[in-house]
Amino acid sequence: MKPGELALVARLCLMRTGRRLDTSVPERAAARLGIVARREGYGSVDDLVLALRTSEAERLAWPVVEALTAFERGFMEDPQVLQHVARRILPHLAGVKGDDPVRIWCAAAGSGQDPYSLAILAQEAAARMGGDLQVEIYASDLSVKGIERARTGIFSHFEIQKGLSARQMIDHFQPVEGGWQASSSLRDMIRWRRVNLFSDTPGSMRFDLVVCRGILPQTAAHVRPTAVVNLALSLAEDGFLVLGRGEGEGEADLAPALLALPGLAGIYTRNPAFRTLEL
Amino acid sequence: MKSCLIADDSPVVRLMVRRLLEAVEYHVREAPDGAQALAACQKDMPDVIVLDWRMPVMNGLEFLVRLRRLAGGIGPCVIVCSVESDPEMIGQALASGANEYVMKPFDREILAGKLSLAGAT
């Protein structure tokens with residue numbers, strides 16, 4: 001891709017999502033745009049980018065942005081943090097919630113590995129607790145196509161082997177044409193919707209646990225405070241926020257709204273002072 | 001330096017796994033079948049065994065059962081690598097003493113991840 005073309009699509013990502021596109025590897029952006037170009041009937045990436053300068057721009061903008069900002073993840077990424085969630089936070093929340101379900105929001109869910117990982121951990125935690133844990137997972141992503149695919153719960157031969165143990169794979173997935181599909185009990189735990197973290201304000205629902213990994217480091221400095229506030233507002237009063245490894249360290253934008261949990265790297269709660277400000 | 005035995009009748013797979021493990025500083029030995037793998041373990045028990053299921057002379061699962069009965073045979077972390085993708089067969093490998101299971105074909109990232117899951121890295 002020519003520098004001018006890369007700058008154009010990077011600007012598009014920034015305007016629509018507040019996210020900075022990593023332009024250090026143009027080949028990666030070109031490969032993703034190649035898929036969009038074929039799907040939309042253009043002969044090349046150059047033709048697609050050229051169309052972004054025409055009246056076709058509005059129709060093509062979101063498919064381009066969605067392709068460029070999609071996350072590639074494995075299952076159970078950052079296992080140490082997830083073990084804290086499974087062994088400490090979920091049992092704690094189950095005690096606090098009583099008969100009500102623990103509500104989890106998995107933001108930027110990508111192709112689904114994060115929410116399915118959480119569903120597996122929740123089922124395993126429930127088994128340890130004698131079934132005394134009800135969990136609802138709300139998964140969101142920017143990409144409609146990503147959500148459609150993730151909702152099927154089907155992962156390729158290669159995807160299914162990244163992050164899951166063999167025991168987890170055979171306990172929670174079955175082989176189907178095209179890969180392995182999550183069990184219906186896992187799929188039934190997860191509700192999907194499209195959310196743009198930077199333009200969609202938090203709804204009325206509050207979550208006991210929010211998992212949002214990979215987004216903040218890509219977020220432009222001028223919109224990061226808004227993103228942090230939106231995440232904090234989505235937390236229940238005693239809820240927890242999980243960020244990716246190292247994402248919150250030294251992050252001044254977090255301070256007004258969120259507090260790091262001592263001894264639990266990557267896990268935050270709402271700042272009580274922020275709660276007062278919200279009132 | 002940790003040691004690994006690769007038991008697989010395919011020289012191509014042995015070479016691929018060897019390259020990956022040597023890159024993370026394993027001392028690597030190879031065996032083309034289960035019987036030679038067992039003899040290698042009796043001589044010097046490795047830390048990790050990457051084990052094919054379908055091999056001549058002695059297959060992977062027979063090797064695994066015999067390995068676990070040897071003195072010190074509980075120690076090695078065993079990762080079965082096979083084209084078999086039937087959940088029942090994968091469950092059988094785990095029940096026979098495998099620590100992890102990799103379905104062929106696999107890439108470097110998958111094998112490295114399984115080594116980590118099995119506590120071998």
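Colleague: What share of the 121 residues of chain B counts as buried?
Modeller: In this predicted model, 40% of the 121 residues of chain B count as buried. A residue is buried if 20 or more other C-beta atoms, placed from the backbone, lie within 10 Å of its own, exposed if 12 or fewer, and partly exposed in between.

Colleague: What else should I know about how the model is handled?
Modeller: Local features need pLDDT of at least 70 and side-chain atom pairs count only at pLDDT 80 or more, while totals for chains, interfaces and linings use all residues. Residues are numbered from 1 along each chain as its sequence is written, and chains are lettered from A and ligands numbered from 1 in the order in which they are written.

Colleague: How many helices and strands does chain B have?
Modeller: Chain B has 5 helices and 5 strands, and along the sequence they follow the pattern β-α-β-α-β-α-β-α-β-α. Helices (H or I, at least four residues) and strands (E, at least two) are DSSP runs, numbered from the N terminus.

Colleague: And what radius of gyration does chain B have?
Modeller: The value for chain B is 13 Å, which agrees with the figure near 14 Å for a compact globule of 121 residues. The radius is taken over C-alpha atoms, and the globule rule is 2.2 Å times the number of residues to the power 0.38. The C-alpha atoms of chain B fill a box of roughly 35 × 30 × 25 Å along the principal axes.

Colleague: Turning to the other chain, which domains are assigned in chain A?
Modeller: Domain 1 covers 3-69 and domain 2 covers 79-278; the bounds come from an automatic or database domain assignment. The C-alpha centres of these two domains of chain A lie 28 Å apart.

Colleague: How many residues of the two domains are in contact?
Modeller: In chain A, 7 residues of domain 1 are in contact with 11 residues of domain 2. Two residues are in contact if their C-beta atoms, placed from the backbone, lie within 7 Å. Helix 1 (3-17) and helix 4 of chain A each supply at least two residues of the domain 1 side.

Colleague: Finally, how many residues does each chain bring to the contact between A and B?
Modeller: Chain A brings 11 residues and chain B brings 15 residues. On the chain A side, helix 8 (166-172) and strand 4 (173-176) each supply at least two residues, and helix 8 of chain A gives the most, with 3 residues.
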